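Biologist: Could you take a close look at the salt bridges in this one for me? I'd like to hear which side chains pair up and how covered they are.

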Amino acid sequence: MTNSSPAPVSTAKLEAESRSATKAQLIEFWYYFSQNKGAVIGLVVFMALVIMAVFAPLIAPHDPTFQYRDSFLVPPAWEDGGKATFLLGTDAVGRDILSRLIYGAQFSLFIGVVVVSIALVGGIVIGLVAGYMRGSVDTFIMRLMDIILAFPSLLLALVLVAILGPGLMNAMIAIAIVLQPHFVRLTRAAVMAERGRDYVVAARVAGAGHMRLMFKTILPNCLAPLIVQATLSFSNAILDAAALGFLGMGAQPPTPEWGTMLAEAREFILRAWWVVTFPGLAILVTVLAINLVGDGLRDALDPKLKRS
Amino acid sequence: MSQQPILKVRDLYRTYEIKGGLFRPASTLTAVKGVNFDVERGTTLAVVGESGCGKSTLARMLTMIDAQSSGTIEVDGLPIDISKTGISKDMRQKVQIVFQNPYGSLNPRQKIGHVLEEPLLLNTNMPAAERRDLALDMLQKVGLQPEHYGRYPHMFSGGQRQRIAIARAIMMKPKLLVLDEPVSALDLSVQAQILNLLKDLQDEMGLTYVFISHDLSVVRYLADKVMVMYFGEVVEYGTRDEVFGNPQHSYTKTLFAATPNADVESIRKRIAAKNAA
């Protein structure tokens, strides 16, 4: 302890050690995540969806907007009167449903990513400020969020879209605003729990400023519940976007968005079941998969539930 | 060892406002009432007292976490009053703190190397390579391995974490180190190691300690001077031998008598005293 000359340590060795520490954390995370079978299945389905969306032009058998004039409302291939080239049948104007679903995955994932990013970034910043500053700033922000939360979410989204004008982008902004308060409350609660902890005080004694304390010291320790909430909001966003699309306020035809497809198929529910069923199933499977992943993430990230 | 005081505290008060509720009026609570003391360079002052007597409040004022309500603190000739002047980098470098609970005082998402480098990063313009060398140096000084540089806090035991916390505190070479019950969360054998480490560091770096504790055996081992606090007031202040050998105040006597005693005779006496009362 008294010798002050450090033994020569190679940089490479230190970095390898540092990397292995990071790796150990990831391995531990994966261990807890993989304990939850449902979550793994959800993850596989979600990855398949992502691949489908990315390679849509290669996978889809037809152009999603091309109308085959000779095949309106063709049933799926295995039904009587189905055609092998339209595996899941066609809709009322002769577009291939399978291709539209595959392209629709692009929109759904895009909606999820954009909405969650906006809501998450906004929610984190506002929540951090509220939880860190406390006092009147906190009260003001939280009352504002309470007002937003007091509206039925879809209704508020509808009103916002009505103000902004229909369209996919506006629908996404509206949904993000509706989802934001959940992130704000969650961040604030986590920040309030962390800000009094000794390591935060220690960082302050070491000279960390407000910004550093908020974003580098406190925020990384609040991320676990936020990640879980983000995945669950991802599916919520897809659902809300589909609902807005169904009501004619979201993506506009002929965009192959799943909710919009449902809306277009409304009048054929009794005559051609496949036009409604498949977009509905696509939404169901996607949302279910993401929710399962969210569940698994909660198991892996939330130390309170973790069996130590 | 020169006898000039490095820490001068005069008439220190700290009051907390307690907000009135529906059924009780607002009131004030004085946690620290008019405390005076000096600590000489390179010595250890132990602050002893029961829970809630203002020890930790005192520590928080000395380390500039909270401001004092009135009175003066002077560290190495530099007056400290953060409610008036704020905190300069200069002041930061003079005082650091080690917390009681080593499980809460390290950021779970920060690797040890970054924990140690953070004070340097924030207070100096040192290049990254130099910071790293200093951190590695410090790891060795507190009895850890260079391999520990890249690990996370949860990979360490309580004693090792406390070593890390001490290393972080002395990275800036502070004049004064406030130790807020640094060993009370550790088991006995580890306590001894940490106390020895603190002693070695004090000899080597000429550190001055304000050591807050309720464990008298630890205090007897480490302290040069002892200050006993009782409900925010200093009831006894003197060298270790004076206080331990000839306690003046009744509370100090009670405190020394409160050391657990398990022989049959003392238990009988206690029961008799209880029955008589």
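Modeller: Quick bit of vocabulary before we start: a residue is buried when its relative accessible area is under 20%, exposed when that is over 50%, and partly exposed in between. Keep in mind, too, that this is a predicted model.

Counted over all chains, there are 20 salt bridges in the structure. Let's begin in chain A, where Arg95(A) and Asp91(A) pair up through their side chains at 3.1 Å, N to O. Both Arg95(A) and Asp91(A) come out as buried.

Over in chain B, the side chains of Lys225(B) and Glu40(B) form a salt bridge at 3.7 Å, N to O. Lys225(B) sits in strand β9 (residues 225–230) and Glu40(B) in strand β2 (residues 27–40), so this pair ties together parts of chain B that are 185 residues apart in sequence. As for cover, Lys225(B) is partly exposed because its relative accessibility is 22%, while Glu40(B), at 13%, counts as buried.

Chain B also has Arg60(B) bridged to Asp66(B), with an N to O distance of 2.9 Å. Arg60(B) has a relative accessible area of 28%, so Arg60(B) is partly exposed. Asp66(B) has 19%, and with the buried cut-off set at under 20%, Asp66(B) goes down as buried.

Now back to chain A, since the pair we began with has company: Asp91(A), Arg95(A), Arg100(A) and Glu264(A) are joined into one network by salt bridges that share partners.

Note on methods:
Residues numbered from 1 in each chain as written. Chains lettered and ligands numbered in written order. Predicted model: local features only at pLDDT ≥ 70, side-chain atom pairs only at ≥ 80, totals over all residues. Heavy atoms only, no water. Salt bridge = Lys/Arg side-chain N within 4 Å of Asp/Glu carboxyl O. Buried < 20%, exposed > 50% of the residue type's maximum accessible area, 1.4 Å probe, protein only. Helix = DSSP H or I, 4+ residues; strand = E, 2+ residues; numbered from the N terminus.
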